[in-house]
Amino acid sequence: MNAPAKIVGAQRLNHVEFVHRPGERSLVHALFDLLGFETMETNGGRYVMGIIEAGDSGADNFIAGREVRGEQWAFDQELAAALTQEPLATSLNGYRQMLLSKPQDGMHFGIRVDTAAQWENIVARLEAVGRDAPELAGRVRLERAFRPGDPDHEFSLWQAFVWTDVISTGSLAFGQQIELQTTD
């Protein structure tokens, strides 16, 4: 079987779509501020956009989302309840432990930061989330931060893995992991 022809021309990731819990739009804004994204609302305030690169038009390079629809919210609430019961509770705990030791092996999307200094600034804000953004305490956490040369780090780049349940590109019952990286 022949491989399909490559598409000629520029291609880029346009956007990542997320959902948030009912009534938590202000937490999305707080999360985006913490991560250093420019935030704007579109479609009469129905969607929140996090512009990854400040000054970008928002045509590409953004994450966007809206309040979860009722059908998914009902499913996510049932799933969250089921995850507290056996056998799922043990499996979920094992998955969460894996994320703490090897977060790069879990489901996530990554965002490139221009410099190590900017990366360090974001990591510092994440470490102080309980003090500086108390509305996000328990809802956003720095899982791991790796720097080049760290003994258990296999790459020559800076990587920080952030977990949040404020937004998700899938089920809100699992939350979302985001990687922030730079090669400086």
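**View 1. Strand β5 pairs with β9, and I111 sits opposite L180.** In β9, L180 is the bridge partner of I111. The model is a predicted one, in which local features need pLDDT of at least 70 and side-chain atom pairs count only at pLDDT 80 or more, while totals for chains, interfaces and linings use all residues. Numbering runs from 1 along each chain as its sequence is written, and side-chain values use heavy atoms, with hydrogens and water left out. Helices (H or I, at least four residues) and strands (E, at least two) are DSSP runs, numbered from the N terminus. β5 (residues 109-112) and β9 (residues 176-182) run parallel, joined by 4 bridges. F109 and I111 make up the covered face of β5, with G110 and R112 on the uncovered one. That fits the textbook pattern: in a regular strand, side chains alternate between the two faces of the sheet.

**View 2. The sheet around β5 and β9 has four strands.** Strands count as paired if DSSP finds at least two bridges between them. The order in this open sheet of 4 strands is β5-β9-β7-β6, and the pairing is mixed. β5 and β6 each have a single partner strand, so one side of each is left without a neighbour in the sheet. From one strand to the next, the twist averages 25°; axes are lines fitted to C-alpha atoms, for helices over the stretch in contact, and angles run from 0 to 180 degrees between N-to-C directions.

**View 3. Helix α3 turns one face to the strands.** A89, L92 and L99 are buried in α3, where buried means under 20% relative accessible area, exposed over 50% and partly exposed in between (1.4 Å probe, protein chains only). Seen down the axis of α3, its buried residues fall within an arc of 80°, so they line one face of the helix; the arc is that of the directions from the helix axis to the C-beta atoms. They pack against β6 (140-146) and β9, with contact meaning heavy atoms within 4.5 Å. Over on the other side of α3, T90 and S91 are exposed.

**View 4. Helix α1 lies on the other sheet.** Here 5 strands form an open sheet, ordered β2-β3-β4-β1-β8, with mixed pairing. The edges belong to β2 (38-42) and β8 (167-168), each with a single partner strand, so one side of each is left without a neighbour in the sheet. β2 and β3 (residues 47-51) run antiparallel, joined by 5 bridges, and T39 stands opposite G50 in β3. α1 (residues 25-35) packs on this sheet, touching β1 (15-20), β2, β3, β4 (62-67) and β8, and its direction makes about 5° with that of β3.

**View 5. L180 again, now inside the largest nonpolar core.** This core has 32 residues, and those with the most contacts inside it are F32, I63, L136, I167 and L180. A nonpolar core here is a set of buried Ala, Val, Leu, Ile, Met, Phe, Trp, Tyr and Cys residues joined through side-chain atoms within 4.5 Å. α1 gives the most to it, with 7 residues. Leaving aside neighbours within four places in sequence, the contacts of L180 include L35, I111, W119 and W158.

**View 6. S168 is tucked into β8.** S168 is found in strand β8 and is buried, with a relative accessible area of 2%. Not counting residues up to four places away in sequence, S168 touches E17, F18, V19, G175 and Q176. S168 and F109 are 59 residues apart in sequence and 11 Å apart in space, C-alpha to C-alpha.
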